[in-house]
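Here is a short tour to follow with the model open beside you. It goes from a surface patch through several helices to the charged pairs.

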Amino acid sequence: MSHHEHHLVGEDVPAGSTAAVPPGVLKRAIAASAIGNATEWFDYGIYAYGVTYISQALFPGETAQATLFALATFAISFLIRPLGGFFWGPLGDRLGRKMVLALTIIMMSVATFCVGLIPSYDTIGFWAPTALIVLRMVQGFSTGGEYGGAATFMAEYAPDKARGFCGSFLEFGTLAGFSLGALLMLGFDLALGAETMAEWGWRLPFLVAAPLGLVGVYMRAKIEDTPIFREIEAHGEQEPSRKAELRDLVSKYWKPLLVMSGLVVALNVVNYTLLSYMPTYLQARLGLSTEQALIVPIIGMLFMMVLVPFAGALSDKVGRKPMWWFSLIGLVIAIVPLYHLMATGFVGAIVGFAVLGMLYVPQLATISSTFPAMLPTHVRFAGLAIAYNVSTSLFGGTAPAASSWLITRTGDPMMPAYLMIAACVVGLVSLFFVIETAGASLRGTHLPGTPESEAELAGLRLEDAARAPA
């Protein structure tokens, strides 16, 4: 990143020219965006990997029944996410990305921390699951603003030519957070043993969320809002009110919102089936031991983390759409054979999962460069937060439960594979309508990558030139 112009640093930099962001600031912006994502997924990691202990401690009834309750509680946070999107998104477009991102990370980490403090069901009865549900709702609400905001913040800071590479670190954060949460649960489990874990050990990973959140708040407080947002703020081009913005989104930008929602269906059904549901599937349906079922996805995720930045950088060269075509078509062809491979045992499961992960990476690595570029600056945060979260809560968060239900109804353990294929087909249809935006500027109030946007950019560049010192 060091090759971007160092000499442009200083007070006389025009508000919107991202080429002018010094490398140090860019790195801080990337880290500040990624840490919130890591915190959110850290929570999913400990939840997915500690679900049996959590359900034993906080829910009544037999373990199996309690686990179902706990999985349903996991889904609750997804149902609340669109409300978070509707609340935080317009706020982030009017008051700035930075403020919203500071608030969402505080809410998220405090809620995760508090889960570790809930007294057990034996101690306070039904107040225990009630408290968990309320905290999951707070998490879902804050997540509704976190992802759209972090992706927007990252995309608006990144140089146009390297947006794919910079944006890929957001997903690196996702995988890092999830793996850290999963490894912590696993580590405590091995160190303390099942009995101690059930008694109080499961709480420990939740308490780690507080320091993580504090680091995130500190990093986000230290950095200015994005140059692109400051530019429309200087021009007074923000939406006047939440109502006006939502009206604009529905009337003018319904097409990119629909297209994005379709891509999110593919992205998140694959995502949650691979990351959240896989341990349950490997154990319950394929008969791997608990340890094996938890180790397979961790190995797969570490493998994916290595590939993500490379895939992001590649998308800057070849474009975002070719990456998505490759990923979606590859998955449609390979999912069923790979599921059969996973069913052969531990080694087959590791190889099958790793190849699935590898095919999924080109989507994952380019989300935060593709999605923010589908909307103009003044509605970017809200449009992304709403389309992403509505689609995720309908199709992503429900994927584990839907897979489980379909297997029970049909007796066919291949159901999650068919569900993933169906989702990828939805993604393929949506991809036809995507405008290629690799290398395009995100400045201004027109759709990036369109002739209107180019015309507006010419005007903004003239302004830049007029303001630049001779």
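## Phe432 and its patch

Phe432 sits in the loop between α18 (415–431) and α19; helices here are DSSP runs (H or I, at least four residues; strands are E, at least two), numbered from the N terminus. With a relative accessible area of 61%, Phe432 is exposed. For the burial terms, buried means under 20% relative accessible area, exposed over 50%, and partly exposed in between, with a 1.4 Å probe and protein chains only. Please keep in mind that this is a predicted model, in which local features need pLDDT of at least 70 and side-chain atom pairs count only at pLDDT 80 or more, while totals for chains, interfaces and linings use all residues. Residues are numbered from 1 along each chain as its sequence is written, and side-chain values use heavy atoms, with hydrogens and water left out.

Which residues form a nonpolar patch on the surface with Phe432? They are Val425, Val429 and Phe433, and the four together have about 430 Å² of accessible area. Patches are made of residues with over 30% relative accessible area and no salt bridge, where nonpolar side chains (Val, Leu, Ile, Met, Phe, Trp, Tyr) are joined within 5 Å and like charges within 9 Å. The areas come from the Shrake-Rupley method with a 1.4 Å probe, and for residues only the protein chains shown count as cover.

## Helix α18

The 17 residues of α18 should span 24 Å at 1.5 Å a residue, and its end C-alpha atoms are 25 Å apart, which agrees. The expected span is 1.5 Å times one less than the number of residues.

Buried residues of α18 include Met415, Met420, Cys424, Gly427 and Leu431. Among the elements that cover the buried residues of α18 are α11 (254–284), α13 (320–342), α14 (346–364) and α17 (399–410); contact means heavy atoms within 4.5 Å.

## Helix α19 and the loop before it

Ser453 belongs to helix α19 (residues 451–467). At a relative accessible area of 1%, Ser453 is buried. Setting aside neighbours within four places in sequence, Ser453 is in contact with His446, Leu447 and Pro448.

Asp464 and Arg443 meet through their side chains in a salt bridge (2.9 Å, N to O), a term for a side-chain nitrogen of Lys or Arg within 4 Å of a carboxyl oxygen of Asp or Glu. Asp464 lies in helix α19 and Arg443 in the loop between α18 and α19, so this pair ties together parts that are 21 residues apart in sequence. Both Asp464 and Arg443 are buried.

## Other salt bridges

How many salt bridges does the structure hold? There are twelve. One of them joins the side chains of Arg136 and Asp43 (3.1 Å, N to O). That pair links distant parts of the chain, with Arg136 in helix α5 and Asp43 in helix α1, 93 residues apart. Arg136 is buried, with a relative accessible area of 1%, and Asp43 counts as buried at 3%.

Arg230 and Glu224 also pair through their side chains (3.8 Å, N to O). Arg230 counts as partly exposed, at 26% relative accessibility.

## Helix α8

Is Leu214 of α8 buried or exposed? Leu214 is exposed, as is Tyr218. On the other side of α8 from these two, the buried residues are Ala209, Leu212, Gly213, Gly216 and Arg220. Viewed down the axis of α8, the buried residues fall within an arc of 95°, so they line one face of the helix. The arc is that of the directions from the helix axis to the C-beta atoms.

What do the buried residues of α8 pack against? Their partners are α1 (23–58), α3 (97–115), α5 (127–157) and α7 (203–207). As for length, the 13 residues of α8 (residues 209–221) should span 18 Å at 1.5 Å a residue, and the end C-alpha atoms are 18 Å apart, which agrees.

## Gly89 and Pro279

Gly89 has its place in helix α2 (residues 63–95), and at 0% relative accessibility Gly89 counts as buried. Not counting residues up to four places away in sequence, Gly89 touches Gly84, Phe381, Ala382 and Ala385.

Pro279 lies in helix α11 and counts as buried at 4% relative accessibility. Leaving aside neighbours within four places in sequence, Pro279 is in contact with Tyr49, Ala293, Leu294 and Pro297. The C-alpha atoms of Pro279 and Ile54 are separated by 16 Å, with their positions 225 residues apart along the chain.
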